[in-house]
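I opened this entry to look up charged pairs first and the nonpolar core afterwards.

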Amino acid sequence: MSGPRFQGGDPSAGLPEAGAAAPPTPGTVVPYPADGAPAVASAGGRLAATVERLRGEVRAAHAAAEGRALIELAKGVIVERLGCGPAQAARQLAELADRAGLSRLELAADIINQAARDRLAEAADEFVRTAVGDPAATAPDTSVAVRLRTAESAALSAGDTQAVAESLLRHALEPLGAVAVAIWTTGPDTSLSLRGHAGFGLEEAARWHYVPPGVTTAARQALIGRRTVRYASLAAAGIPSIGRARHPDGGRVVVPAGTGGRIHGVLEICWARPLDPLPQAVERQIEALAELCAHTLEALPEASPGGSPVPGGFPAPGGDGAPALAELSDGLYDPALVLTPHLDEAGKLVDFRIRHANAHFRDPAGRPRGSVDGALLLEAYPATAGGSELFERIERVYATGEPFRARRARLTALVDQVPLASLADISISRYGASVLLIWRVEDESARLADLLQHAQRLGRVGAFEEDVVAGDITWHGQLYELFGRMPTEPPVALRDLAAHAHPDDADTIRSFLQKVLYQRRVGSTAFRMLRHDGVTRHIRVTAEPALGTDGGLQAVRGAYQDISAQHWTEVALTATRDRLAATEEAAEERNRLTLQLQHAIMPPAKPPLDAPGLDVAVRYRPAESESLVGGDWYDAVVLPSKKVLLCVGDVAGHGVEAATGMVVLRNALRGLAVTGAGPGQLLSWLNSVAHHLTAHVTATAVCGIYDPGSRTLRWARAGHLPPVLVRGDEAFDLPLLRGLLLGALAEAEYEETELRLEPGDTLLMYTDGLVERRDTAVQDSVAQLLTVARQPSDSLERRLDQLLARSKSDTDDDTCVVGVQVS
């Protein structure tokens, strides 16, 4: 059925005045073709025109009935307020409408709003207060009261939810821009059934007639969350629902429809386009419509749109279902309460009344069970609203119908046999308009027995008891698995244990039995058990004798444990320890030989150098860890030309490879220096050696050639820190010349410069082990070195010792320092 659509400036234009006849719908006019000749109406066309005319008459009749219903209701209010008759009330209504400049329908809606003061009236008033300047206020239908009251009238007079959905869309939702509406009802198992729809096709509605429990849809999101859910675009949200294929980008508003704390269904409204945030006045209208749907669903029978029972559910009980639940709870072995909702004057759920407590319920305060019946839950047991959130769970189950189950949950009330905050298994379910609460307090002894059983299974342990006098043997179920025997086979006696063990373990088992059975002491041993299936297991058995009053042996109690995994782990650990010890010995020997090689080439102190006017001292400090033998090297030698070669270097890495590379570069530099070339050329040649003649060795170095005759030093660097010059009370580092580290490229050129030394000058060449720190920048470490270097010292040897003693390095690296002092 379809009703009137308000058009034009008067919202009641589509509704006739009370008592007026419905205007006839003109017959369908057959259009003329383009050439002006009259068209010949076919029989099918005439039939379609007749059907359309009859539909129009039905719509007009419904519009007149809905309008008359509102006007008659307003007349009834006037009769009650003024104490007049119906005819006088009709005249009074007409006079008031003329004075206010309103139609009788608009005035009737205002009168009903003032008399009812319900959610519909609040929604209309909210719209009037806030809709100024709102686009909805300038729509053709601006009488919200008329729209909402007309929708209410049609819903209350409807015989099924399908008619309610059509009325809501036509009267109240289309003016808001909505194109479709669906009314869902909830089943006892939280399933959803489509009870009414408008704006969706019949095929689409048939596909969505039933949504099983657990399927996430837009309606279920609102049901489980018990709140209004809004989607600007249903497709963007990724939530399925009815009509999504037809309006993929359309917005949705889904509102739970409930009364008295119970959700009877869900109202889902569809827009064709993405939905912007709705004004508060519109949200109030939608909430009022959802409450109207809730009252309608509560009054109409529980049936699907086709008239069949709701799938997946069961018939709702008569009344609130409490008597049936009370009878059911009396047959349970666990404590149970039957609860019904308690509403305040505004119809809001504020508590639950205890309708029945079964015989297993024990009041924590010791009150008789009969005194609890009829009491309010929060008043009798305030702790139910505490940390356990029990009341909130009951409220949620009652609202949605979704059962709640929890194992070992905290139950802070309703128990007296264990302390508060005990653990219990809880079950809450709704039946009709009642809630059944069942709990089972956890038995401590049963829990410990369960834990012991799990511990024996995880530890592969099985207990036994053997009655020596009667010969009876009791085995734990785990032992049958350990021994590889069927539960129907007899257990193995202790005296027969050797027959199931490896022959080499017979003496061990004999000693164990001697200690337990004859010496009557606790005994324990391990043996290899040969099972019938050919599997060999390593087993540990522990037994304790139990003596009678006469001192004689009565029984033996003990346990078997499968230690196969432990045994093989110990074997693997032993083998690993042996390999590790061998590896450590080999590593220690390798490091010892490396250190011997390193110290043979570069002793920690160098003998005096025979160079006139030049005092040379060397300090070499190996790494603190012997496993980090490095590649630091130094050299100070008088060349055939009487000039002195001074150099320090650092090969990347540690161990034998670094030490070997250091030897190659040091010896190569000595040989190249005999040619008389300058330091830049020497480093260029040494770079070729590192790149081509070694196994990818890279290194840094500083090379200098000192001429005693002119006291000049020509030097160059290859990625190394520059030397430090100490002159008088000052110390400063030399310029940072260009020079790539050795071995990085096949060919490289190195910048060199000349420095003239004065008598008393001290030149320090060092490796980075002297200054490197993990938490300090190199520049800061060099600054610290300069501070130490400028301190006065009575000799060169003393100065070098001070540098090593006050070095802040923490990288566990080798350190080389070459000091040159001009006399």
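I counted a salt bridge wherever a side-chain nitrogen of Lys or Arg lies within 4 Å of a carboxyl oxygen of Asp or Glu. The model is predicted, so I kept local features to pLDDT of at least 70 and side-chain atom pairs to pLDDT 80 or more, while totals for chains, interfaces and linings use all residues. Residues are numbered from 1 along each chain as its sequence is written, and side-chain values use heavy atoms, with hydrogens and water left out.

I looked up R252 and E268, whose side chains form a salt bridge at 2.5 Å, N to O. R252 is in strand β5 (residues 252-259) and E268 in strand β6 (residues 262-271), 16 residues apart; strands are DSSP runs of E of at least two residues and helices runs of H or I of at least four, numbered from the N terminus. R252 is buried at 1% relative accessible area, and E268 is likewise buried at 1% (buried is under 20%, exposed over 50%, partly exposed in between, with a 1.4 Å probe and protein chains only).

I then turned to R230 and E283, which meet at 3.4 Å, N to O. R230 belongs to strand β4 and E283 to helix α10, so this salt bridge ties together parts 53 residues apart in sequence. R230 is partly exposed at 42%, as is E283 at 22%.

Last, I checked the largest nonpolar core (buried Ala, Val, Leu, Ile, Met, Phe, Trp, Tyr and Cys residues joined through side-chain atoms within 4.5 Å). It has 30 residues, and W633 and L682 are among those touching the most other members. Helix α19 gives the most to this core, with 8 residues.
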